[in-house]
Amino acid sequence: MAAIVIHNPADIDFDKPGKTHYQVAFHLDSSWGYSLVPLTVINGTAEQNAASLPGVAIFGGTHGNEYEGQIAVKRLCADLDPGEMCGRVILMPQLSETACRAHQRRSPEDGVNMNRAFPGNPGGTLSYRISNFVKTQIFPRARVVIDIHAGGKEAVFPLCTSFHPLADPAQHEETAAVARLFDTPFIFVYSRQMASGLLSDEAEDEGKIAIGGEFGHAEGANPRGVRHAYEGVNNVLRRYGMLTGTVVRIRPERDAPPRIVQAPNLADYIPAPRNGIWEPVVEPGQDVKQGELLGRLHDFSDHSAPALDIRAHKTGVVIAMLFAAQCEKGVTLYVIGEDYSR
Ligand SMILES: [Zn+2]
């Protein structure tokens, strides 16, 4: 079934039973042509009690150099069978399609990071027009929003789903429950202060159940990450009764359920004190004690000079760490979280 090219969002039939593939055409900013953003809409045709179904939207490729989400969502576009489902699922495997084609974090068209472009602008550059499409066309049709990320070249995380601290207890409980369905070793409750304009910020502010996550790093395609993302989405659909069957463990060989770790304060996102070559000596996901050696910053301008030891500022879990050896002053070197308690 070939994808239908869409020039006017009003031509997308979000209610059509079954599965329809689209490419939504957004004109480029400075040349004749389009970013053809892939979109699949599935309306299940199985018997249902339609009233309780939430509508689920799933995004990959919000950053173009993060591949687990692109792969998992593309496979879900092919594999989800509307005959076995009820309710509506909207899938966008390469949201920043130009960034994905360029294998870059940001779109080369306008230099914009899609995950800082929300709520978007209908008269803005390409990334702002795409985020405005999500805000005005997708969000009104979904109560559960999942945006699948990875560390890219920025950082290494243990496999985790993530969300921000939420003031509304009901929204918090349901969000945490959905985050657990991905069965990752960690759930990371992270600071909203580090950045703004995130897809998940916007969805949260609308009261939706918004889940992010880091399913790999280093611009690879982590097989465990793809598995957690793909099966996690199936679990979400099962939880809401949109897909038959019960929620399954994704990695049954690991006994423990996901460990919820929080780092809501920027004081726990530690910047590099100077340029250097970063040699980590602990692994992401490792428990550390205050004062424990996390790594060394080397200065090769004088190979006889001692390295600068980087020690944990507090006891907790290393929930993120700089990936690249090349380290610039001010970049986030590591993040220490602590076990979540409300
Ligand atoms: Zn990302």
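**Strand β9 and its neighbours, and a second sheet**

Q: How many of the five residues of strand β9 (residues 186-190) are buried?
A: This is a predicted model, in which local features need pLDDT of at least 70, side-chain atom pairs count only at pLDDT 80 or more, and totals for chains, interfaces and linings use all residues. Residues are numbered from 1 along each chain as its sequence is written. A residue is buried if 20 or more other C-beta atoms, placed from the backbone, lie within 10 Å of its own. Strand β9, a DSSP run of E of at least two residues numbered from the N terminus, is mostly covered, and its buried residues number five of five.

Q: Which residues of β9 point the other way from F186, F188 and Y190?
A: In a regular strand the side chains alternate between the two faces of the sheet. F186, F188 and Y190 point one way from β9, and the residues pointing the other way are I187 and V189.

Q: Which residue of β9 stands opposite F163?
A: Strand β8 (residues 160-163) runs parallel to β9 and is joined to it by four bridges; two strands pair if DSSP finds at least two bridges between them. The residue opposite F163 is V189.

Q: Which residue in β11 stands opposite F186?
A: Strand β11 (residues 259-263) is parallel to β9, with five bridges between them. Opposite F186 stands R259.

Q: Which strands are at the edges of the open sheet β16-β15-β13-β18?
A: The pairing in this four-stranded sheet is antiparallel. Each edge strand pairs on one side only, and these strands are β16 (308-311) and β18 (326-327).

Notes: Buried ≥ 20, exposed ≤ 12 C-beta atoms within 10 Å, placed from the backbone.
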